[in-house]
Amino acid sequence: MKRNVLFIFLGCLLTVVNAQNPIIQTKFTTDPAPMVYNDTLFLYVGCDEKDAPHNAYLMREYRLYTTTDMVNWTDCGAALRTSDFKWSAGDASAAQCIERDGKFYWYISSQNKHKPGSSIGVAVADSPYGPFKDALGHALVTNDMTTHASHSWDDLDPTVFINVDGEAWLYWGNGVCYKAKLKRDMVTLDGSIEAIDKNDRAFFKGFTEAPWIYERNGHYYLIYASGFPESIHYSMAKAAAGPWKAQGVVMPLEGESNTNHPGIIDYKGHSYFFYHNAALPGGHSYCRSVCVEEFKYNADGTIPELHMTAEGIRTGVGTLNPYKRTEAETMAWSKGVTTDVSADRGVFVRDIHDGDFLKVRDVDFGQQGAASFVAAASSRYHGGQIELRIDSLSGELLGTLRVPYTGEWENWQKCSVNVKKVKGLHDLYFVFKGRKPHELFRFDYWRFDK
């Protein structure tokens, strides 16, 4: 018994100190689709509603998170909703965004209220942040265009890729893997839809859904979910059109979620595998959470078998400058809080209670150190305090910021405090203190000043 208690204690301690997975703790997220544009990694995800039942999906929006260091993620809000597609019956499934000629195309799947079954649609924007709008006003692919499956939800989980010759390919499917070429406009099919038999052992080891296609060093990869509950497998080819040759397991069945969805990308010289599981408190097969692991390809280009971890990314690929305005919704880890959005403030952190905290990793204070700290907050009740600690929840206290009562949640106020000078690279913890049981305050942004 004592040994079990010790293991539980150590596990909780590891979660606070070293955990990086799931990478988003303020929402239930699913179906990760990473995209690199300029110096930023954009992560487009589905969003499981927190009150989803244990036997059905409840998804109405897609969210965007960004990072430049792979350890701190900024919540950019719901960049797209099923209600943006007038033909959608309201259910969101997996999606992927890609850039071409300065525009951004976001391919989604949803049930179609005008035609039976699932459909593939596409939204377009001039910025990776949006706003996105339905590019066609109707679905790109409808279920009557795909007849190789006996069920009506085979048009799910689109993935899109543009090869070195400028050819754009769309893959998707549930139970059958469909593929089609896209014209240069990215919203018109260029030729017929082809189907790859899920049981063709030369191509697949049991294709279920969730394809992800990309190219690296002359090798083309098609990652997919297999079986049910799902593990992740992959095939390789010499061209985006195939033919595909079945390879091995990318990630075996783990994580207590019936589904999994892959997304693989290179960023700043590193290779990353995104997936989802049910690891957040309250999570289950219909309330999932996105995670990420770093990996290295084998010498022949094949992918090693990967496993889910709580640690996730141990070493980031950048540092955070504390002397620039940082949104409060930029975080590596959190406890208790959620995010919301308003027209005047954008995304902000809310549901802050006594004992909750935010962690920001790899904050570089430089050699001079900071003299003061400022934050924007609002409080409808009694306010509270933000303890500024480094390297752990109980680490050195730099200072304590008092957030007063501001009247209403919309009454934002800048608050500041002098802090103890600290130099060099540290993890920064915002530890929230105040009266119970009220929500203490809401938190918009912060900055240190020299």
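1. Which strand gives the largest share of the lining of the second largest pocket? In this predicted model, the answer is strand 13, which contributes 5 residues to that lining. The second largest pocket has a volume of about 480 Å³, and among its 19 lining residues, Met35, Val36, Phe161, Tyr214 and Ile265 lie nearest the centre. Two or more residues each come from strand 1, strand 5, strand 9 (159-162), strand 13 (207-216) and strand 17 (263-267). By class, the lining divides into 14 nonpolar, 1 polar and 4 charged residues.

2. The largest pocket holds about 990 Å³ of space and is lined by 44 residues, of which Gln25, Thr26, Lys27, Phe28 and Leu280 lie nearest its centre. At least two lining residues are supplied by each of helix 1 (2-18), strand 2 (40-48), strand 3, strand 4, strand 22, strand 23 (338-342) and strand 24 (346-350). The lining of this pocket comprises 19 nonpolar, 13 polar and 12 charged residues.

3. As for enclosed space, the count comes to 1 cavity of 30 Å³ or more, and the largest cavity has a volume of about 60 Å³. Its lining is made up of Ile23, Ile24, Gln25, Thr26, Tyr65, Trp73, Asp75, Glu329, Met331, Ser334 and Thr339, which by class are 5 nonpolar, 4 polar and 2 charged residues. Gln25 and Thr26 therefore deserve a second look in the viewer, since they line the largest cavity and are also among the residues that lie nearest the centre of the largest pocket.

4. An open sheet is formed by 5 strands in the order 1-2-3-4-21, with antiparallel pairing. Its edges are strand 1 (28-37) and strand 21 (330-331), each of which pairs on one side only. Within this sheet, strand 3 (residues 59-67) and strand 4 (residues 73-81) run antiparallel and are joined by 5 bridges, and Thr66 stands opposite Thr74 of strand 4.

5. Strand 6 (residues 103-111) is mostly covered, with 7 of its 9 residues buried, and it has antiparallel partners in strand 5 and strand 7. With strand 5 (residues 96-100), the pairing extends over 5 bridges, and Trp106 of strand 6 is the bridge partner of Cys97. These two strands form a hairpin with 2 residues between them, and Asp101 in the turn has a positive phi of about 55 degrees. With strand 7 (residues 118-125), strand 6 shares 8 bridges, one partnership being that of Gln111 with Ser118 in strand 7. Strand 6 and strand 7 likewise form a hairpin, here with 6 residues between them, and Gly117 in the turn has a positive phi of about 90 degrees.

6. Why can strand 25 (residues 357-364) be described as largely enclosed by the rest of the structure? The description holds because 7 of its 8 residues are buried, where buried means under 20% relative accessible area. Strand 22 (residues 333-335) runs antiparallel to strand 25 and is joined to it by 3 bridges, with Lys335 standing opposite Phe357. Strand 30 (residues 425-433) is also antiparallel to strand 25, through 6 bridges, and Leu425 in strand 30 is the bridge partner of Asp364.

Technical notes:
Residues are numbered from 1 along each chain as its sequence is written. This is a predicted model: local features need pLDDT of at least 70, side-chain atom pairs count only at pLDDT 80 or more; totals for chains, interfaces and linings use all residues. Side-chain values use heavy atoms; hydrogens and water are left out. Two strands pair if DSSP finds at least two bridges between them. Helices (H or I, at least four residues) and strands (E, at least two) are DSSP runs, numbered from the N terminus. Buried means under 20% relative accessible area, exposed over 50%, partly exposed in between (1.4 Å probe, protein chains only). On a 1 Å grid over the protein atoms alone, a cavity is a set of points where a 1.4 Å probe fits but cannot get out, and a pocket is an open set with protein on both sides within 12 Å along at least five of seven lines; lining residues have an atom within 4 Å of a point. Grid points are joined across faces, edges and corners, and a volume is the space filled by probe spheres set on the points. Ala, Val, Leu, Ile, Met, Phe, Trp, Tyr, Cys and Pro count as nonpolar, Asp, Glu, Lys and Arg as charged, and the others, Gly among them, as polar.
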